Amino acid sequence: FWLKRQRGTRVAPPSFVPVRGHQAGAMSMKLQKRLAADVKKCGRNRIWLDPNESNEISMANSRFNVRKLIKDGLIIRKAVKMHSRSRVRKNLDAKRKGRHTG
């Protein structure tokens, strides 16, 4: 992490060294996200944790507590992102007309 020292230069150590993987002041809710993903049978990226209720969510340390938060609506399973094929169809139409052939 420290900057390499070049000849004849002095490098002062940074005054603020961030903790790896965490923002300063933010609570880590990795456990709750993992448990919620397992309870809702989806991936961790599909789970939304209410940022306004971070204190209450961070207190949940069991599947039972996570289920209760899901029931209360503090933890939500996000909808599947749409993967549109409109650009593909447009490109195929152009290829049928002989475009994009090199």
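I started with lysine 41, which counts as exposed at 69% relative accessibility. This is a predicted model, so I keep that in mind for everything below. Lysine 41 is in the loop between H1 and S1. I looked up its backbone too: phi of lysine 41 is near 55°, a positive value in a residue other than glycine.

Next, histidine 100. I found a positive phi of about 55° here as well, and histidine 100 is not a glycine either. I placed histidine 100 in the segment after helix H4, which covers 86-96. Its relative accessible area comes out at 56%. The cut-off for exposed is over 50%, so histidine 100 is exposed.

Then I went inside, to glutamine 32. Buried or exposed, I asked myself, for glutamine 32? Its relative accessible area is 4%, and the limit for buried is under 20%, so glutamine 32 is buried. Glutamine 32 belongs to helix H1. Which backbone oxygens does the side chain of glutamine 32 reach? One is the backbone oxygen of isoleucine 57, at 3.3 Å. Another is the backbone oxygen of alanine 60, at 2.8 Å. I also listed what glutamine 32 touches, skipping residues up to four places away in sequence: Ile57, Ser58, Met59, Ala60 and Val66.

On to the largest nonpolar core. I noted 14 residues in it. Those touching the most other members are Ala36, Ile47, Leu49, Ile57, Val66, Leu69 and Ile75. I checked which elements feed this core: helix H1 (30-40), strand S1 (47-49) and helix H3 (63-72) each supply at least two residues. I picked out alanine 36 for a separate look. With residues up to four places away in sequence left out, alanine 36 touches Ile47, Val66 and Ile75. Val66 turned up before, among the residues that glutamine 32 touches.

Last entry: isoleucine 76. I find it in strand S2, residues 75-77. How far apart in space are isoleucine 76 and tryptophan 48? I get 5.1 Å from C-alpha to C-alpha, with their positions 28 residues apart in sequence. Setting aside neighbours within four places in sequence, isoleucine 76 is in contact with Arg46, Ile47 and Trp48. I looked at accessibility to finish. Isoleucine 76 has 39% relative accessibility, and partly exposed runs between the 20% and 50% limits, so isoleucine 76 counts as partly exposed.

Technical notes: Residues numbered from 1 in each chain as written. Predicted model: local features only at pLDDT ≥ 70, side-chain atom pairs only at ≥ 80, totals over all residues. Heavy atoms only, no water. Core = buried A, V, L, I, M, F, W, Y, C linked by side-chain atoms within 4.5 Å. Buried < 20%, exposed > 50% of the residue type's maximum accessible area, 1.4 Å probe, protein only. Helix = DSSP H or I, 4+ residues; strand = E, 2+ residues; numbered from the N terminus. Contact = heavy atoms within 4.5 Å. Polar contact = N/O pair within 3.5 Å; in protein donor to acceptor, adjacent residues only side chain to side chain.
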